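Dear colleague,

Please find below the structure that I am handing over to you. My findings follow it, with each term explained where it is used.

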Amino acid sequence: MKQRFGNMIQENLPLAAHTTFRIGGAARLAGFPTSEEELSAMLLAAKEEAIPYRVVGRGSNLLFDDSGYDGLVLFTAQMKRVVWDEGGVWADAGVSLTALAIEAAKRGLAGLEFAYGIPASVGGAVYMNAGAYNAQISDVLTYSRYLTKDGKILTRTSAEHGFGYRKCVYQKTGEIVLGAYFALKKGDATELRTVCEKRMASRREKQPLEFPSAGSVFKRPFGSFAGALIENAGLKGYRIGGAEVSEKHAGFIINRGGATASDVLALIAHIRAEVLERYGVLLKTEIIYIENPAHI
Ligand SMILES: Cc1cc2nc3c(=O)[nH]c(=O)nc-3n(C[C@H](O)[C@H](O)[C@H](O)COP(=O)(O)OP(=O)(O)OC[C@H]3O[C@@H](n4cnc5c(N)ncnc54)[C@H](O)[C@@H]3O)c2cc1C
């Protein structure tokens with residue numbers, strides 16, 4: 001891989017530096033393609049050489065194992081083409097969703113205000129159907145382009161995404177999102193920016209943004225909120241190693257410094273057991289733990 005792709009491939013890349021949790025060992029190989037063609041070539045090379053691979057956007061919903069990833073981690077960060085038109089915007093997978101949302105607001109294009117403050121890439125946001133304030137990616141996505149496992153580039157319309165709450169067909173297919181087109185409506189730039197800023201202020205007030213985390217650890221259970229159940233179970237501030245249930249928002253686990261993936265996994269197991277015992281609710285994780293393929 002290294003010989004073939006040169007500087008686009010790095011070896012032994014510390015994953016902690018590339019995830020918002022600041023946790024995880026090293027990736028044996030890390031690829032930074034700048035175009036669809038380069039990404040496709042890396043994917044096919046990995047397949048040829050039987051190297052396991054995983055795609056990563058901004059690493060804001062991930063927990064990599066302490067032993068790292070003995071394979072190829074494909075980062076979309078360098079795929080960042082953005083094309084605006086009157087009806088909306090095309091954004092490559094690696095584009096920052098928050099940067100896109102604020103630029104849309106500045107241009108007087110409405111629809112992405114909900115996304116301001118979600119530290120996602122466009123690809124990761126489509127994969128997760130990311131959302132906030134009763135809106136989500138599926139409300140604005142018209143189509144996406146994706147790379148199949150055998151290197152073909154295809155297009156999928158919104159209706160073909162199987163969107164649901166934090167659910168999208170890409171979670172099943174393992175295909176790679178190359179980018180998406182979002183349909184936006186005309187709005188007032190000043191008003192849209194004010195909405196974005198208010199939402200960011202609300203995030204700062206309610207969420208522990210001063211510590212590394214991967215956002216809400218659990219999905220919203222039917223009829224309640226994970227944070228409220230965890231708080232009522234008396235778990236705010238509960239700590240295992242460097243991982244702690246945030247005092248500010250019990251739905252977040254924060255890295256107080258030196259947290260390991262094992263600490264976080266043990267804390268998740270403890271929270272789930274406590275909440276199940278007290279309230280009969282089995283919490284499902286929203287954050288994604290990526291096992292080291294060498295251990296599977
Ligand atoms: C402080 C904080 C606040 C947050 N607030 C919210 C919120 O309000 N709403 C919300 O929904 N989420 C929130 N999150 C979680 C997170 O930002 C989202 O889940 C986001 O969609 C993840 O995007 P990413 O680019 O970081 O994906 P990553 O974490 O890099 O990856 C997540 C998953 O997507 C896959 N993936 C990434 N890129 C691609 C691609 N191009 N093609 C196919 N698969 C891909 C990965 O393999 C992985 O399985 C928050 C996180 C933090 C840290």
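**The ligand and its surroundings**

Helix α4 gives the most to the shell around the ligand, with five residues. Please note that this is a predicted model, in which local features need pLDDT of at least 70 and side-chain atom pairs count only at pLDDT 80 or more, while totals for chains, interfaces and linings use all residues. Residues are numbered from 1 along each chain as its sequence is written, and side-chain values use heavy atoms, with hydrogens and water left out.

In total, 35 residues surround the ligand (each has a heavy atom within 4 Å of it). The closest are Arg54, Val55, Ser60, Ser121 and Gly131. By class, the shell comprises 17 nonpolar, 13 polar and five charged residues. Here Ala, Val, Leu, Ile, Met, Phe, Trp, Tyr, Cys and Pro count as nonpolar, Asp, Glu, Lys and Arg as charged, and the others, Gly among them, as polar.

Three polar contacts (pairs of N or O atoms within 3.5 Å) may be mentioned. A polar backbone atom of Gly57 is 2.8 Å from an oxygen atom of the ligand, and a backbone N or O atom of Arg58 lies 3.0 Å from a ligand oxygen atom. For Arg166, an N or O atom of the side chain is 3.3 Å from an oxygen atom of the ligand. On its own the ligand has 970 Å² of accessible area (Shrake-Rupley method, 1.4 Å probe), and the protein covers 95% of that area. The elements giving two or more residues to the shell include β3 (53-56), α4 (122-128) and β13 (176-183); helices (H or I, at least four residues) and strands (E, at least two) are DSSP runs, numbered from the N terminus.

**The domains**

The chain is divided into domain 1 (2-75), domain 2 (82-196) and domain 3 (209-290), with bounds from an automatic or database domain assignment. The C-alpha centres of domain 2 and domain 3 lie 27 Å apart. Their contact (heavy atoms within 4.5 Å) takes four residues from domain 2 and four residues from domain 3.

Yours sincerely,

Conventions
A polar contact is a pair of N or O atoms within 3.5 Å; within protein, one must be able to donate a hydrogen and the other to accept it, and residues adjacent in sequence count only if both atoms are side-chain atoms.
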